[in-house]
Amino acid sequence: MKIQSAEVIVTSPDRNFVTLKLTTDDGLTGLGDATLNGRELSVVSYLRDHVVPLLIGRDAHQIEDTWQFLYRSAYWRRGPVTMAAIAAVDVALWDLKAKAAGMPLYQLLGGASRTGLLAYGHASGKDIPELFDSVRSHLEQGYQAIRIQTGVPGLKAIYGVASNATAAGNTGKRYDHEPAQRAPLPAEEDWDTRAYLRHLPGVFEAVRNEFGADIPLLHDGHHRMTPIQAAKLGKSLEPYDLFWLEDCTPAENQAALRLVRQHTTTPLAIGEVFNTVWDYQGLITEQLIDYVRSAVTHTGGISALRKILDFAAQYQIKSGMHGPTDISPVGMAAAMHLGLAIHNFGIQEYMKHGALTDSVFQQSFTFTDGMLHPGDQPGLGVSLDVDEAGKYPYQTAYLPYNRLHDGTVHDW
Ligand code: CS2
Ligand code: MG
């Protein structure tokens with residue numbers, strides 16, 4: 001089964017997506033997600049200019065050899081662009097192999113270890129009443145686990161919350177919790193960690209009082225705190241029994257999590273901005289985290305993330321794969337197949353894609369009673385309508401960024 005052609009398809013139905021489509025000499029096609037939110041065109045070039053010429057004529061069955069060849073022959077190691085490109089090739093090859101075998105991909109990964117995948121959705125509100133409405137809406141949609149993000153008094157706009165606030169440099173632009181704003185320049189938002197730390201415990205107390213003690217609640221700190229601030233927040237949230245506190249502090253310095261771990265038993269999830277096992281090494285061996293947040297799309301594919309999760313399993317750490325709308329339906333399908341097969345599955349993030357996206361990507365997964373399942377079609381179970389995709393050309397879109405009240409740039 002030789003690779004005969006490779007296309008990099010850029011489409012922007014509800015947001016930008018980059019998809020690699022491999023076609024073999026016996027007519028099979030395989031898809032891989034290469035979407036890197038806000039830097040999509042870098043991956044497009046990496047694939048088109050440097051990777052695709054190396055793929056033509058290769059044996060599509062050689063997934064591991066292709067992965068090692070692309071990782072080592074580039075000489076320059078790691079990074080989000082490189083690993084998203086390698087991920088797209090890896091997933092497309094797994095899609096092809098499963099189609100050639102006439103099996104859903106999870107069967108090639110060891111078969112199902114569970115009947116379905118617990119999913120969590122994104123509830124948000126600029127204030128408590130709006131948040132409660134959003135939680136109720138997610139409960140009505142069947143979610144059994146819910147992420148809680150709210151506005152903070154005094155802040156005009158904030159990550160993860162739909163609001164009609166505008167921020168300097170983007171007059172009149174309605175913010176929503178869709179991360180990337182389609183705009184010629186990044187939108188500037190404001191931030192105040194002390195206000196956030198004072199406000200959040202009361203939000204979770206209100207949510208627990210309204211919705212009870214049982215439902216798993218999650219929160220995303222989105223890299224904005226120092227380790228001691230993260231420790232303070234983790235400790236203050238312990239009465240509300242979170243499923244996890246995510247990205248509590250930037251983890252390039254993996255040792256920073258030792259300080260957080262000393263002060264709180266709130267479970268920690270980290271890794272959506274990581275791209276290789278080396279970003280996790282100390283976090284896993286010292287059990288400084290409880291969940292591996294990486295998406296298949298950003299970590300070198302199924303082959304690489306499977307290895308990371310098998311490593312994490314030895315330290316009783318589970319998966320919590322990243323699943324916002326900037327992971328395409330192809331990337332989400334890859335996550336679901338991997339999550340169904342591994343033993344140490346934890347939870348799957350699931351933000352529903354928009355209707356236009358669903359018109360471009362035909363998907364076979366199901367979401368029933370809060371549980372996801374990839375379906376049993378051969379391969380990933382996703383196809384891409386190239387003609388429909390062509391209706392939605394790329395649009396410049398940047399992630400927002402924060403500035404503190406004194407003007408200092410800060411993590412968003
Ligand atoms: C967030 C993401 O879903 C999450 O946990 O951290 O929405 C993140 O902001 C985006 O993926 C950035 O592109
Ligand atoms: Mg996150």
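Colleague: How far does a polar side-chain atom of His 322 lie from an oxygen atom of ligand 1?

Modeller: The model is predicted: local features need pLDDT of at least 70, side-chain atom pairs count only at pLDDT 80 or more, and totals for chains, interfaces and linings use all residues, while side-chain values use heavy atoms, without hydrogens and water. Residues are numbered from 1 along each chain as its sequence is written; chains are lettered from A and ligands numbered from 1 in the order in which they are written. A polar contact is a pair of N or O atoms within 3.5 Å. For His 322 and an oxygen atom of ligand 1, the distance is 3.2 Å.

Colleague: Which residue has a side-chain N or O atom 2.4 Å from an oxygen atom of ligand 1?

Modeller: An N or O atom in the side chain of Asp 326 is 2.9 Å from an oxygen atom of ligand 1. The residue with the 2.4 Å distance is Glu 349.

Colleague: How much of the accessible area of ligand 1 does the protein cover?

Modeller: On its own, ligand 1 has 340 Å² of accessible area (Shrake-Rupley method, 1.4 Å probe). Of this area, the protein covers 94%.

Colleague: How many residues surround ligand 1?

Modeller: A residue counts as near if one of its heavy atoms lies within 4 Å. The closest are Asn 37, His 222, Glu 272, Arg 293 and Glu 349. The number surrounding the ligand is 15.

Colleague: Which residues are the protein donors of the magnesium ion (ligand 2)?

Modeller: Donors are N, O and S atoms within 2.8 Å of the metal (3.2 Å for Na, K and Ca), and sites may look incomplete because water is not among the atoms. The donors here lie 2.0 to 2.2 Å from the ion, with the sequence spacing D-x25-E-x25-E. They are Asp 220 (OD), Glu 246 (OE) and Glu 272 (OE).

Colleague: How far apart in sequence are the parts that Glu 246 and Glu 272 tie together?

Modeller: Helices (at least four residues) and strands (at least two) are DSSP runs. Both Glu 246 and Glu 272 are buried (under 20% relative accessible area; exposed is over 50%, partly exposed in between, 1.4 Å probe). Glu 246 lies in strand E8 (residues 244-246) and Glu 272 in the loop between strand E9 (268-270) and helix H9 (281-285), so the parts tied together are apart by 26 residues.

Colleague: Is Tyr 75 buried or exposed?

Modeller: Tyr 75 is in the loop between helix H2 (63-73) and helix H3 (80-101). Its phi is positive, about 75°, although Tyr 75 is not a glycine. With a relative accessible area of 62%, Tyr 75 is exposed.

Methods
Polar contact = N/O pair within 3.5 Å; in protein donor to acceptor, adjacent residues only side chain to side chain.
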